[in-house]
Amino acid sequence: MNALGSFEQIILFAVLQLDGEAYGVSIRENIEERTGRTVSIGAIYTTLGRLEDRGLVRSRTEKPQGRTGRPRKYYRLSAEGARDLRESYATIKSMAGGLTSELDRLAES
Amino acid sequence: MAPDPSGRVPQPPRLLRLLVRLLIRGRDASYIVSDLDASFARDVERGLRGSRATRRYAWNALASVWSAWTAALRGFVTHGIGLDARLGLRMLARQPLITAVALLTLGLGIPASLTLVHGADVLFGELPVPDGDRVVGIRYFDLDDREPLLSSVRDYERWMELRSLQSIGAVRSYSVNVEAEDAGAPPVAAAEITASSFEVLRAQPLLGRVLDAGDERVGAPDVVLLGEDLWSARFARDPGIVGRSVRVGRTLHTVVGVMPADFRFPMSHQLWIPFRARAVDFPPGAGPRAFVFGRLADGVSVEDATVEATSLTARRAAEDPERFEHLVGQVVGMPFLLLNSDWRWQRDLLWEPEFVVMQMLIFALLLVVCGNVGTLILARTAARSAEIAIRSALGASRGRILRQLFVEALVLAMAATGLGLLLANALSSRLVHTLAGDDVLPYWAEPTLTPRVVAMALGIAALCAVVAGVAPALSATRRAIQANLQRGGSRSTSVGFGIGSSLLIVSEIVLSVGFLALGVAAVRGMLDDRDLGFDPDRYVVGTLRVPESDPMATPNATDSVAWGARVAEIQRELLARLSEDPAVVGVGMGVNAPGLPAPDRDVVLETPSEGFEPVGWAISILRVDVSYFAGLERPVSAGRDFTAGDVEGPPGTRHTAAIVNESFVRHILGGRDAVGQRFRYEARGTGWGALGEEEWYEIVGVVGTFGTNTGDPAQDAAIYHPLAPGDVNPIRYTVEVMGEPEGFVPRFREIAASIDRGATADSRPLASTMRAAFRRDAALLLLMLALAGAGFLLSATGLYAMLSFTVSQRTREIGIRTALGAGASDIVSTVARRAALQAGTGLALGIGLGWVLLHTSEFSGVSTEAGDIALTLTLTAAVAGGVCLLACAYPTLRGLRLQPTEALRES
């Protein structure tokens, strides 16, 4: 299993949710909507590039549509990526089990 | 910036967009740029105001540039240089012999090449005081004599007018006897220091207080400040030391404080008393001399202070032209003041032509060493031609292969430099102390590595990697890939040892054999038990210094005649008391002592010796008391001994009688009768005022050769001049003792202390003083020997690598020749001809260089006598030739043992 960093997990969840429509802008908006965190396009692409090198995502490019259209690179989760994400999430979940209320108490004290 | 009703997509500011396009590079650059634009357009569509959308775009763009660049850097390190470095490390581990030799040579060579810079950093760094760069020295520089001058008390009082300095101080060194239970305890380095100095240096005491202005008043109680080391050694760290009375020199002083161990200002001092001299007590230009220094006022630069010092000097020149016209006021770095150096700042020193030339020579030697490491790497690269060809065929560019080979060499050079620097750091303290001999290092000189030296060493390592790595790599990648691929299967390559590598091998053999000759001579000098004409193990040498005036006495102009008489009386008394001591066999007094270095001069004979030019001979000039030869039982062999009549007259009278040694008679006079001959000194020299250059001296006697220029017996001619007690202060006593000299050392001090408590006496066994005097040369020679040895090992390995390479290249040819009936001599000639030519040329030229070095060498312990030089060179040739032969032997034997069938099958 490939160890995943927290930003990598966030990106992979966004790619999973966008289901074939994941490219820089849509991933950025998805993360912003769901986490309230602003991330840069460059950070998304460099992370996706790294994940692609490790075989966790696959990409396809689309040529620009019309005169003012822009090229896009769409990403999709690979089976290996899905397994790694599942494992990472399961690890976090099992570690956090029964601790959330304690965590809330401590954080707000 | 609302959405364009015409349907045009909103665009971010042009300049920002252009910057993003320029700065974002890499495989997804076009998508990043495009998505940044799209994000901006979406923000505008969502109704964000123009400035907010632009700010969001700017942040997004900057963060994207940062991500893209850090990702690119990470990739370069892990997949580019990092991969090459890992490959490099693997190659180093696979070829341990080549790696070890290259590590040894570069590890010694790179740090050694920075010795001069390191020395400058250590000796001429900043004082370890708060804001040490603001503390500067003030002095006059004599433009006629080209030397710096110490300041008089009056000068100090005038320097106080400088407004560029917020505080100013003065310090003056002397040595003094300090109370001890053991009367034979050595004297202590002490300083008279102004109370203001502690403000300049911002120094705080460990106990009690520092000196204050009240202590400087005439008639104030006598006080003293002790150093922590002295407080530990003599007073067992007595916590009640402050307020205690301690005998310093002739009088009792009250201790007012103890300074911490890291304060040893100005050099390595352990005791401070108030500086009470005042200009009013002395005529102009007279009185004690001191180092003057100050702290620059806020906002004042060194240049401002220099301008002010110059204008003050000009004012003084107007008042007293005779004394000040040829002087210039200088503001200098503190180490330059305290070491009395001609230079003013470290930058002057580092750009001094002599320094630059020396450094360039060292770098040139290093370049040769690098070139030879390059030869080794070339041999290694040659063996990898097939690998390089395959990588090229698979798409690696020439630049990519060059980078890999460069990084491999860089790994080697960096590893060598790292090891060398670690070793240097561990050894430099010991080495510096050895090189400095008995001269105690100033307290600010900490011989550890400085950041500049480390940075320079790493830079030089990178340059070495270029020389040793890129040149072979260029050679290895020059040929066509196809050719290398074809040869790859046959273990043969197109890489060769060209004229460049031959020249390198030869030049390195020349240099290393040359220096090896010096090394061999030094080793012979050390092993050689020469007859010095006396046995140093039976002697103690002691130095007696009578302080000009007791520093704590009321300052006053010294009555020079009375003082001279007092010095003479003490010196005479000590001589008499020593000769009466039951442990003493004989004693002589003089400026010089046998076995120790003495100044040398060229002489001109009134009647020149036929066919003999005495100029160029190092003739030692010694000054001794008239009873010296009788006292040490060295009777004259011709003529007469000195008599009291030879030194008659008031102080300053020139005494014309001289005694020469037998070596002088033999070498300079050509064996003639010496007595009655007259000579004078060449108008060049060491500034010895007592011996006029225009005066003629008459030889009245001849003595046996007695410990003159022991470093080089071929140059042991000497002239002795008589001196009267009191002429010179301090003065040395050479004492021949019964039993162990070590046992007499404290006795000497006890006797001196019993005559005058204020006079300081230092004594040591002569043999150890001689060793210390010559230790610097010995250490330098050993260092040179180590470098020459490493260089020689490298050239031998270069020969070995070249021969091994030749054998593996020509395996097929050798096989065919053997099959066709070639004899052993043909094979040897095929394999070793070139190596033999290189080794022979290198050896011959190296011996020539050795001859020149030995003839011009001024190292003590290296004989310049013709017979000795010939023997040294023969030994060097034998050692060097033997090593070359060994280096050639194994690959040649491998060539001889090749079986034709195997050779043909293998190739």
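**Exercise 1. Two arginines in loops**

Task: Find the loop that holds B:Arg237, and state whether B:Arg237 is buried, partly exposed or exposed.

Solution: Begin with the place of B:Arg237, which is in the loop between helix H8 (228–235) and strand E8 (245–248) of chain B. The model is a predicted one, and in it B:Arg237 has a positive phi of about 50° although the residue is not a glycine. Next, take the accessibility: B:Arg237 has a relative accessibility of 39%, and because partly exposed covers the range between 20% and 50%, B:Arg237 counts as partly exposed.

Then turn to B:Arg202, which sits in the loop between helix H7 (196–201) and strand E6 (207–208) of chain B. The phi of B:Arg202 is near 50°, a positive value in a residue other than glycine, and with a relative accessible area of 36% B:Arg202 is partly exposed.

**Exercise 2. Cis peptide bonds**

Task: Locate the cis peptide bond that leads from B:Phe265 to B:Pro266, and the cis bond that joins B:Asn729 and B:Pro730.

Solution: For the bond from B:Phe265 to B:Pro266, omega is near 0°, and B:Pro266 is placed in the loop between strand E9 (251–259) and strand E10 (271–274) of chain B. For the bond between B:Asn729 and B:Pro730, omega is about 5°, and B:Pro730 is found in the loop between strand E22 (718–723) and strand E23 (731–737) of chain B.

**Exercise 3. A residue in a strand and a residue in a helix**

Task: Determine whether B:Leu296 is buried or exposed, and which residues A:Thr47 touches beyond four places in sequence.

Solution: B:Leu296 belongs to strand E11 (residues 289–296) of chain B. Its relative accessible area is 2%, and since buried means under 20%, B:Leu296 is buried. The contacts of B:Leu296, leaving aside neighbours within four places in sequence, include B:Arg134, B:Val136, B:Ser164 and B:Ala305. Of these, B:Ser164 is 132 residues from B:Leu296 in sequence, yet the two lie 5.9 Å apart in space, C-alpha to C-alpha.

In chain A, A:Thr47 lies in helix H3 (residues 41–53) and is buried as well, with a relative accessible area of 3%. Not counting residues up to four places away in sequence, A:Thr47 touches A:Phe7, A:Glu8 and A:Ile11.

**Exercise 4. Where the chains meet**

Task: Describe the interface between chain A and chain B by its contacts, its buried area and its salt bridges.

Solution: Start with the contacts, in which 23 residues of chain A meet 22 residues of chain B. Between them the two chains bury about 2,000 Å², with 49% of this on carbon and sulfur atoms. On the side of chain A, the residues that lose the most area to chain B are A:Arg28, A:Tyr45 and A:Arg70, which together make up 28% of what that side buries. Finally, there are 3 salt bridges between chain A and chain B; the side chains of B:Arg56 and A:Glu32 meet in a salt bridge at 3.2 Å, N to O.

**Exercise 5. An enclosed space**

Task: State how many cavities of 30 Å³ or more the structure holds, and what lines the second largest cavity.

Solution: The structure holds 2 such cavities, and the second largest contains about 30 Å³ of space. Its lining includes A:Arg28 from chain A, together with residues of chain B, among them B:Leu36, B:Phe40, B:Asp43 and B:Arg56. Helix H2 (29–45) and helix H3 (50–94) of chain B each supply at least two residues of this lining, which divides into 4 nonpolar, 2 polar and 3 charged residues.

Definitions and conventions:
Residues numbered from 1 in each chain as written. Chains lettered and ligands numbered in written order. Predicted model: local features only at pLDDT ≥ 70, side-chain atom pairs only at ≥ 80, totals over all residues. Heavy atoms only, no water. 1 Å grid on protein atoms, 1.4 Å probe; cavity = no way out; pocket = protein on both sides within 12 Å on 5 of 7 lines; lining within 4 Å. Points joined across faces, edges and corners; volume = space filled by probe spheres on them. Helix = DSSP H or I, 4+ residues; strand = E, 2+ residues; numbered from the N terminus. Nonpolar A, V, L, I, M, F, W, Y, C, P; charged D, E, K, R; others polar. Buried < 20%, exposed > 50% of the residue type's maximum accessible area, 1.4 Å probe, protein only. Contact = heavy atoms within 4.5 Å. Buried area = accessible area lost by both parts, 1.4 Å probe. Salt bridge = Lys/Arg side-chain N within 4 Å of Asp/Glu carboxyl O.
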